[in-house]
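Trainee: I would like to take a close look at a single part of this model, and then see how that part sits in the whole. Could you go through it with me slowly?

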Amino acid sequence: MANNTSSRVWLITGCTSGFGKLFVSAIVARGDKVIATARNISTLEEFRDIPHVRLLDIDVTATQDELNGKATETLSLFGRVDLLVNNAGYVLSGAWEELTHEQVLHQFQTNFFGQMNITRAFLPHMRSRGSGTIIFMSSIAGWLGVAAGGPYSASKFALEGAVESLQKELLPLGIQVHLAVLGQFRTNILAQDRRRVPRSDPPIDAYNTFVDILSRRQEETNGKQPGDPVLAVERILDVVRRERSMAGKEIGLRIVLGSDAQKIIRDQCLETLRDLDQFSELSQSTDFPDAGRVDAYS
Ligand SMILES: NC(=O)c1ccc[n+]([C@@H]2O[C@H](COP(=O)([O-])OP(=O)(O)OC[C@H]3O[C@@H](n4cnc5c(N)ncnc54)[C@H](OP(=O)(O)O)[C@@H]3O)[C@@H](O)[C@H]2O)c1
């Protein structure tokens with residue numbers, strides 16, 4: 001449980017930029033301690049002399065053994081980790097047929113398996129203490145697939161499903177789990193040197209339109225996203241620490257941030273409900289006559 005009277009220890013992945021970087025300063029400003037991590041520790045120099053910040057190199061695509069070693073190493077820094085923020089990630093776009101298995105696998109190794117494996121490394125520690133909070137950075141891309149946006153969406157959809165299960169496994173153990181479902185926020189994620197939209201060689205002309213539309217859209221959106229990442233980080237801290245607007249309130253699995261995210265999720269839910277109602281007869285037409293003898297999953 002959150003407790004705003006004692007200082008707690010956070011570990012954040014991907015602190016060189018964007019949300020990760022902002023988390024570090026915001027956490028320290030609220031009186032907590034933070035282990036800031038990045039794949040190359042020299043990129044975190046600006047945090048080196050800040051009291052209550054420790055630096056550690058973590059590449060989230062490392063092997064499970066290496067990540068387990070990192071988790072053990074963190075205990076020598078502040079003695080424990082109370083909150084883990086699975087933040088590291090990047091955007092791979094492109095047409096399904098044009099992308100290679102290796103390109104998509106790397107997207108998953110960072111955005112999905114990276115988060116899963118880091119979490120697995122810290123769970124023995126949190127489980128033995130019967131407390132902890134784990135935050136996963138999800139996206140509206142985990143609710144809506146757009147043409148040429150498959151790899152990033154797939155990684156975030158996968159995260160949404162896996163984390164929904166994880167929350168149910170960990171709640172009885174005293175460990176809180178949240179998915180921060182973010183709209184478009186003004187970080188470096190869409191900067192030209194970060195986003196990737198590979199084409200096949202030669203490109204398949206049939207996909208030019210969709211790939212061009214998405215590339216252009218990413219380029220035009222970069223730096224003009226509606227969401228302020230400083231405020232998103234503050235809201236996530238409010239939720240976890242039950243402070244400010246969230247004082248005395250509980251929130252469930254998802255922390256939806258950004259009016260664009262709210263609208264997309266709402267529209268997706270309404271469209272799903274409309275489809276379910278319209279095709280109700282079709283959906284129910286495949287049951288055995290004795291359906292209902294076992295409980296539905298919940
Ligand atoms: N900004 C948005 O609109 C938005 C919306 C929804 C969700 N998100 C999610 O928020 C998270 C942070 O994104 P951001 O917007 O802050 O983007 P960002 O500014 O590009 O920062 C991404 C961070 O991830 C790190 N990273 C990438 N691969 C890594 C790896 N293998 N190991 C360790 N660190 C790695 C990067 O480090 P390097 O400098 O070493 O590359 C960087 O520090 C991501 O999971 C993203 O999917 C962002």
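Trainee: Does Ala148 count as buried or exposed, and at what relative accessibility?

Mentor: Bear in mind throughout that this is a predicted model. Ala148 has a relative accessibility of 11%, and because the cut-off for a buried residue is under 20%, Ala148 counts as buried. Its position is in the loop that runs between β5 (132-139) and α4 (150-170), and its backbone deserves attention as well, since Ala148 has a positive phi of about 70 degrees although it is not a glycine.

A useful counterpart is Arg244, another residue that is not a glycine and yet has a positive phi, in this case of about 45 degrees. Arg244 is found in the loop between α6 (229-241) and β7 (254-257), and with a relative accessibility of 53% it counts as exposed, whereas Ala148 counts as buried. One further loop has a backbone feature of its own: between β6 (175-182) and α5 (208-221) lies Pro202, and the peptide bond that leads from Asp201 to Pro202 is cis, with omega near 0 degrees.

From these loops we can turn to the packing of helices. Two packed helices are described by the angle between their axes and the distance between the axes. For helix α2 (residues 64-78) and helix α3 (residues 101-129), the axes come within 9 Å and cross at roughly 45 degrees, which makes α2 oblique to α3. The crossing of these two helices is right-handed. On the side of α2, the residues that take part in the contact are Gln64, Leu67, Asn68, Ala71, Thr74 and Leu75, and they meet Asn117, Ile118, Arg120, Ala121, Phe122 and His125 of α3. By character, the residues of this contact divide into six nonpolar, five polar and one charged.

As for the whole, the protein chain has eight helices and seven strands, and its C-alpha trace spans about 60 × 55 × 40 Å along the principal axes. The radius of gyration is 20 Å, which agrees with the value near 19 Å that a compact globule of 298 residues would have. Buried residues make up 44% of the 298 residues, and Ala148 is one of those that count as buried. Finally, if we take the contacts between residues at least 6 apart in sequence, 70% of them join residues at least 24 apart.

Note on methods. Residues are numbered from 1 along each chain as its sequence is written. This is a predicted model: local features need pLDDT of at least 70, side-chain atom pairs count only at pLDDT 80 or more; totals for chains, interfaces and linings use all residues. Side-chain values use heavy atoms; hydrogens and water are left out. Axes are lines fitted to C-alpha atoms, for helices over the stretch in contact, and angles run from 0 to 180 degrees between N-to-C directions. Helices (H or I, at least four residues) and strands (E, at least two) are DSSP runs, numbered from the N terminus. Angles under 35 degrees count as roughly parallel, over 145 as roughly antiparallel, 65 to 115 as roughly perpendicular and the rest as oblique. A crossing is left-handed if the near helix is turned anticlockwise from the far one by less than a right angle, and right-handed if clockwise. Contact means heavy atoms within 4.5 Å. Ala, Val, Leu, Ile, Met, Phe, Trp, Tyr, Cys and Pro count as nonpolar, Asp, Glu, Lys and Arg as charged, and the others, Gly among them, as polar. The radius of gyration is taken over C-alpha atoms; the globule rule is 2.2 Å times the number of residues to the power 0.38. Buried means under 20% relative accessible area, exposed over 50%, partly exposed in between (1.4 Å probe, protein chains only).
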